[in-house]
Amino acid sequence: MVREEVDNMVEDMVIDGVGTEQKPSSEFPEGFNANYLKIYYGKLFPFADMHKWMSYGNDGKHPGCDQSYFGRREFSFTLDNDIYLRFQSFNNVAELENAIKEKCPFKIDIGPVYSVDPAKRHAYAQSGDNIFTPVERELIFDIDISDYDDVRFCCSGADVCSECWPLMTVAIKVIDTALRDDFGFNHILWVYSGRRGVHCWVCDGKARRLNNEQRAAITEYLHVHKGNENSLKKVTLAGRSLHPFLGRSYAEVLKDFFEEKYILSQNLFSDEERYEKILEMIPDESISSELRGKWLDNKRSRDDINVVRWGQLKHLLQSGKQKVQGIHRSVEEIVFSFTYPRLDLEVSKHMNHLLKAPFCVHPKTGRVCVPIDPKHCEEFDPSAVPTLSKLLKELNMGALGTGGEEELENTLLGKSIRYFRSSFLQPLLKSCKEEIESSYAAKIQQSKNSLSW
Amino acid sequence: MEIVGSRGKSSVSSAGDAFTDIQLYRSAPELEVRLEDFELYAVHRLRVLKGISDGLSRGKKPNEMEDLVNELWEVNMKRSEASEFVNKDIISHFVLRLVYCREEELRKWFLSMETTLFRYRFQRESPEAQRALLAEFNLPYKAVSSAEYESVKDKLKQAARSSGQSVPSADTIFYKVPFEQVPDLVASRRVFILKGYAYVAMNQVVSLLMTQYRSNLSKALVLTNRKWTSMIREQEKDRLTPIVEALSTSYLGPDYSQPIECADISLKDIDQVAKSSFPLCMRHLFEKLREDHHLKHGGRMQLGLFLKGVGLKLDDALAFWKAEFSRKVGAERFDKEYAYSIRHNYGKEGKRTDYTPYSCQKIISSTPGVGDHHGCPYRHFSEENLRAALNKMGVGNRAVEDVMDKVRSRHYQLACTLTFEAVHGASCDAGINHPNQYYIDSQKILESRKNSKGN
Ligand SMILES: [Zn+2]
């Protein structure tokens, strides 16, 4: 019944155009379905911006532009019935737009740029030379809240709430700073994955051209958690000091977050089961049992019990007389174990991993994968991310008039698209243009030299 | 490099840099090389590289690798005359370039073994020698100025302390290089990185040189390949080409062409011995033969030569094959069509040369087709079939997973080694390189158990 209504309404909208006399509100129940998605792709999905981005300046008129560039990018579609189409490629924005509108994929993934058009890879394979190979790919990161299940007690699995989401905020801050300050990357896009985490796209030319070994090196640099489900202490910080990167992450992000927010919101020290986990991370039995003894008699205090107990733990571990090997890093190890970003390593290490495109709609939540501004990531609230049905409702109420660019500006999605354009795309394209021009100039210079010689 | 007949003399080049023996192999030397040396030197270097490859895939630690590489180098490459030694080093390197330039897989293997060799040789050099080599690389990186050092010295010290290195002082030389050039130092957080540049201390410079060495060699291999296909292969088709082609699949251990002395294998024991001591490849062929009373050519060769190697006499071999084949094709057809090739394998027909049993390498690189049962099960079986076969051999679940792990990373001989260890409950430190070695090692273990039980 409900389904029929929606179908009819969609028909109406297609015929009448949107925003004529549609009834407001409740016809768009929250959730996700193929018909909503069709309208989303038809009216809201930013094809032109995506094409601009994926062209990296090669769609321009400059003689240094590589016109085949966009057409060598792999897209893959997951369709309604779980059909998975890999190695889709498009020569221009119209082809991309038509294919997406026609196939209405539930999920669009973006792969690498290959040496040749991925759709024609078989033809090349038959020619005998093994020349079908990835040549460029953004450096990508995938961080899922479900990988933090052993350190969050409010939710588990794909669920996320305002108590545990800040772990993602911390991850963005730590990784974003390292990518910019340590590795010198500038064009970084963070995206909400639509449900339980965040994706990161590093788009600088030199990031796109990293080989797998270099990707793995960066990934390992950023990775500190070792061990598995069966080992208690997940972070070991050996050495006589923290590496500058870890030291900075600790001092600027992790420590304050853990002490001022996380121990409170997760009640890490008021619940015996939880603080036992922490005590087990202390390598010195005498210290952990001393603390355990203190905490068993539940003395009332004016201050929050979590803060008090964390203070006691720190005092005992750092009180100078603790010269035992392995003790001096314990406090940091606890903080890192709970708060340091947990990356999906395999995604980042290989050029040919696929990653969901920004502005897709998550089929389970109906939420749009919108960009997150790392400068203001603590303001990001996943529960406030526009859903498909909210967007359609808004469209229906007349947000779209003439059918043009400015329509988008006024929708709930407008802010996200504006951010994408002004903070990510424009600076990116500017530096792409410069890069294309300078490498072209260098090439000309080189050929001149070789002529004169 | 000019290759001369056996009467030519190998002329000697200057000893090169006084500081170090290490070569960067920038261009092929102007040397005359005797044809015998051409092959012999290559085989010696190949032993070094294979040894390195073995050490790496067995997960040896850096300090163990350093000892291993040093020993391999001393044993296989050292000559009494320093200049001879340098020549041997250069010649063997350039010959192996020819051998390993011809396929992507070969190039990759050669690149990573040569780079590893370079790394450990470099590490053993004196600081002066290292500096001289660094200069020879002509890298575009400048040492960090003292003003810049002052501005980042706290971070440099912190990075050094965090990774257990000696803490730098004002006279420690640092190079500032794009982080992409030193992936191993980045991955292990052994350098301070700022805005895309890693601060590499003098004692870490080997990482940088490895990257450079590797990239130079990689480019050179591509060029060599071009020359090989466009000229050398044809020009040298009667002389070097056969040697080069044989070298890339050569197996360097003992060839097992003479049956082992210890024990002949008799027909009545053969089923029992197949179960206890045949490697999976041979066991599989053996069982298929018993089952189908037939094997195609590739299988007959692989199993037949193996059986010869383990000591099955010609007459027994004829009886053995005849017993099976005649059930399928009849005794008469066997005598007419198949007996010849068995006698041939034993050198009794045709050229009368002894055929040698196949090594693992040869078996792994074979390409069995439809209806074939030869090849290396770890490489050629589906995962499902391999698991079933291992279970049948009595390999426990944990060990099966370990074996599958090696298979996935394409270390087929290690997979076989692990199987051996699981089946025999004993370690096999040398690794399995030859089916006949598997057999001999297995028999040794079983024999010693029998004896100790008797006592
Ligand atoms: Zn939660």
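What share of the contacts in chain B with a separation of 6 or more comes from residues 24 or more positions apart? Such residues account for 69% of those contacts, where a contact means heavy atoms within 4.5 Å.

Before we look around, a word on the ground rules. This is a predicted model, in which local features need pLDDT of at least 70 and side-chain atom pairs count only at pLDDT 80 or more, while totals for chains, interfaces and linings use all residues. Residues are numbered from 1 along each chain as its sequence is written, chains are lettered from A and ligands numbered from 1 in the order in which they are written, and side-chain values use heavy atoms, with hydrogens and water left out.

## Chain B as a whole

Chain B holds 20 helices and 5 strands. Helices (H or I, at least four residues) and strands (E, at least two) are DSSP runs, numbered from the N terminus. Along the principal axes, the C-alpha atoms of chain B fill a box of roughly 90 × 55 × 45 Å. Of its 455 residues, 49% count as buried; buried means under 20% relative accessible area, exposed means over 50%, and partly exposed lies in between, with a 1.4 Å probe and protein chains only.

The accessible surface of chain B comes to about 22,600 Å², and carbon and sulfur atoms own 49% of that surface. These areas come from the Shrake-Rupley method with a 1.4 Å probe, and for residues only the protein chains shown count as cover. As for charge, chain B carries 67 positive and 60 negative side chains, and the centres of the two sets lie 3 Å apart. Here Lys and Arg count as positive and Asp and Glu as negative, with His and the chain ends not counted. Each charge is placed at NZ of Lys, CZ of Arg, CG of Asp or CD of Glu.

The domain assignment splits chain B into domain 1 (2-134 + 211-247), domain 2 (136-208) and domain 3 (267-454). Such bounds come from an automatic or database domain assignment. Taken over C-alpha atoms, the centres of domain 1 of chain B and domain 3 of chain B are separated by 35 Å. The contact takes 5 residues from domain 1 of chain B and 10 residues from domain 3 of chain B.

## Some residues of chain B

Leu24(B) sits in the loop between β1 (2-4) and β2 (32-34) of chain B. Leu24(B) counts as buried because its relative accessibility is 11%. The C-alpha atoms of Leu24(B) and Tyr213(B) are 189 residues apart along the chain, with 7.5 Å between them. Leaving aside neighbours within four places in sequence, Leu24(B) is in contact with Phe118(B), Leu133(B), Glu136(B) and Phe137(B).

Next comes Ser277(B), in helix α10 (residues 270-277) of chain B. Its relative accessible area is 0%, so Ser277(B) is buried. The side chain of Ser277(B) makes a polar contact with the side chain of Ser442(B) at 2.6 Å, and another with the side chain of Ser276(B) at 3.4 Å. A polar contact is a pair of N or O atoms within 3.5 Å; within protein, one must be able to donate a hydrogen and the other to accept it, and residues adjacent in sequence count only if both atoms are side-chain atoms. Not counting residues up to four places away in sequence, Ser277(B) touches Tyr438(B), Tyr439(B), Ser442(B), Gln443(B) and Leu446(B).

Two loop residues have a positive phi although they are not glycine:

| Residue | Phi | Loop in chain B | Relative accessible area |
|---|---|---|---|
| Lys195(B) | near 45° | between β4 (192-194) and β5 (197-201) | 48%, partly exposed |
| Arg410(B) | near 65° | between α18 (397-408) and α19 (412-424) | 49%, partly exposed |

## A visit to chain A

In chain A, Ser55(A) belongs to helix α3 (residues 47-55). Ser55(A) is buried, with a relative accessible area of 2%. Its side chain reaches the backbone oxygen of His51(A) at 2.7 Å. Beyond neighbours within four places in sequence, Ser55(A) is in contact with Tyr69(A) and Phe70(A).

Gly57(A) is placed in the loop between α3 and β1 (73-78) of chain A. With 19% relative accessibility, Gly57(A) counts as buried. Not counting residues up to four places away in sequence, Gly57(A) touches Lys52(A), Cys65(A), Leu429(A), Cys432(A) and Ile436(A).

Finally, look at helix α10 (residues 272-279) of chain A, whose buried residues are Arg274(A), Tyr275(A), Glu276(A), Ile278(A) and Leu279(A). These buried residues pack against α11 (285-296), α12 (305-318) and α13 (330-339) of chain A. Asp271(A) caps the N-terminal end of α10(A), with a side-chain oxygen 2.9 Å from the backbone nitrogen of Glu273(A).
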